[in-house]
Amino acid sequence: MVRFLLACGILVWATLASANPFLTAQWPNTDFSKTTVDLNEIRSGGPGKDGIMAVWSPRFVEVSKEKRLSPREPVIAFERKGQRSRAYPIRYFMVHEIVNDTVGGVPVAVTFCPLCNSAMVFDRRIGSKLRTFGVSGNLRHSDMVMYDRETESWWQQAIGKGIVGTHAGDTLRQLPSWMESWEAFAARNPDGLVLDAPNPRISYGSNPYVNYDSSARPFLYSGELPPNGIDPMARVVRVGNKAWPLTRLAAEPEVVEAGVRLSWAGEQASALDKARIGRSKSVGSIRVRDAATGKDIAHDVMFAFAFHAFYPNGNWMVR
């Protein structure tokens, strides 16, 4: 059982829909008349609004000057032509979950939901409007519900869609990024940048969800489990509404299907295994490219239960 569950102890998790006075008190600027989901599906994750504090003003250091990360620690790699590549270590997302940044004039939200293992980068613009994102403290299907500070609309991290408020029904544009080991990123980008510790007073690098990716069931999830006996906590590579199990990629180091080329690209430490991330078991690193052009494609490596929850009619690319 993960440490987070033990810390919660006997806390009873009520659905937000049964606590409307609480909702309106904490979210007075959210338009609850506009929603694309049943509010009964949304639960409190424990911390309230900004109880998990997103990063608003990130600082970076040169790759050559970073000495705290262990070689196998996972990072979110974000590379854009003409810009110095950036690494966002997962150790910081275990505390903050969202980093608001700007890369080459493009405002981005770099996000990681530990409960779904979902790491994605989004363009923070909705048309001509710039948004900055925080952590609502709520979950839906065990996935982080983000909010934007400008309208206090709620956004589903796993699919980048507005679900409550002014932006209900709007979609954030996902940008290509991937998770890999710090060692792999640094070797490929010796002149790159890496996110510095957002709060020098915090000791980063620990995992509060010990053994989570070995759990029998996901945390605070009551939805259907994946079909055909697929382990709900198995990692899958999601591209659009298709999912390739990581176990298949381990057996077939390169798979070309549906216009996509998926390549095994080494290993990294799981962020959700041991108490210290750098000492955790190895999991695969995957690169996803367009089969015709070779360009990186926006994707996600998430737990199977999350794919089934958000893509119930999705295609399982199994053999």
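**Close-up views of a predicted model**

**View 1. W182 and F185, a ring pair in helix 4**. W182 counts as buried because its relative accessibility is 7%, under the 20% cut-off. This is a predicted model, so read every view here with that in mind. A search of the whole structure turns up 13 aromatic pairs. W182 and F185 make up a stacked pair, since their ring centres lie 6.2 Å apart and their planes meet at 20 degrees. Where do these residues sit in the chain? W182 and F185 both belong to helix 4 (residues 182–188), with three residues, or about one turn of the helix, from one to the other. F185 has 0% relative accessibility, so F185 counts as buried too.

**View 2. F303 and F305, another stacked pair**. Here the ring centres of F303 and F305 are 6.3 Å apart. With an angle of 25 degrees between the planes, this pair falls under the 30-degree limit and so is stacked. Are these rings buried or exposed? F303 comes out at 0% relative accessibility and counts as buried. F305 also has 0% relative accessibility, so F305 is buried as well. Zoom out a little and the pair turns out to have company: F303 and F305 form one aromatic cluster with Y209, Y212 and Y221.

**View 3. N211 and N228 in the loop between strands 16 and 17**. This loop runs between strand 16 (193–195) and strand 17 (235–239), and N211 is found in it. N211 isn't a glycine, yet its phi is positive, at about 65 degrees. As for its surface, N211 is partly exposed, with a relative accessible area of 37%. Further along, N228 lies in the loop between strand 16 and strand 17 as well. What is the phi of N228? It's positive, at about 60 degrees, and N228 is no glycine either. With a relative accessible area of 74%, over the 50% cut-off, N228 is exposed.

**View 4. N138 in strand 10**. N138 is part of strand 10, which covers residues 133–140. Its relative accessible area is 5%, so N138 is buried. How far is N138 from N315? From C-alpha to C-alpha, 28 Å of space lies between N138 and N315, and in sequence they are 177 residues apart.

**View 5. M317 and its contacts**. M317 is found in the segment that follows strand 23 (315–316). Its relative accessible area of 17% is under 20%, so M317 still counts as buried. Which residues does M317 touch, once neighbours within four places in sequence are left aside? The list is K242, A243, W244, P245, R248 and E257. V194 is another matter: M317 and V194 are 34 Å apart, C-alpha to C-alpha, and 123 residues apart in sequence.

**View 6. A265 in strand 20**. A265 is found in strand 20, made up of residues 260–269. With a relative accessibility of 39%, A265 lands between the 20% and 50% cut-offs and so is partly exposed. Not counting residues up to four places away in sequence, A265 touches S285 and R287. The C-alpha atoms of A265 and R287 are 6.3 Å apart, across 22 residues of sequence.

**View 7. The whole protein, for orientation.** To put the close-ups in context, the protein has six helices and 23 strands. The C-alpha trace spans about 50 × 45 × 40 Å along its principal axes. Does that go with a compact globule or not, and why? For 319 residues a compact globule would have a radius of gyration near 20 Å, and the protein has 19 Å, so the two agree. Of the 319 residues, 54% count as buried. Take the contacts between residues at least 6 apart in sequence, and 66% of them join residues at least 24 apart. The accessible surface adds up to about 13400 Å², with 51% of it belonging to carbon and sulfur atoms. On the charge side, there are 38 positive and 31 negative side chains, and the centres of the two sets lie 3 Å apart.

How values were computed. Residues are numbered from 1 along each chain as its sequence is written. This is a predicted model: local features need pLDDT of at least 70, side-chain atom pairs count only at pLDDT 80 or more; totals for chains, interfaces and linings use all residues. Side-chain values use heavy atoms; hydrogens and water are left out. Helices (H or I, at least four residues) and strands (E, at least two) are DSSP runs, numbered from the N terminus. The radius of gyration is taken over C-alpha atoms; the globule rule is 2.2 Å times the number of residues to the power 0.38. Buried means under 20% relative accessible area, exposed over 50%, partly exposed in between (1.4 Å probe, protein chains only). Contact means heavy atoms within 4.5 Å. Accessible areas come from the Shrake-Rupley method with a 1.4 Å probe; for residues, only the protein chains shown count as cover. Lys and Arg count as positive and Asp and Glu as negative; His and the chain ends are not counted. The place of a charge is taken as NZ of Lys, CZ of Arg, CG of Asp or CD of Glu. Rings of Phe, Tyr and Trp (its six-membered ring) pair if their centres lie within 6.5 Å; planes under 30 degrees apart count as stacked, over 60 as edge-to-face and the rest as tilted.
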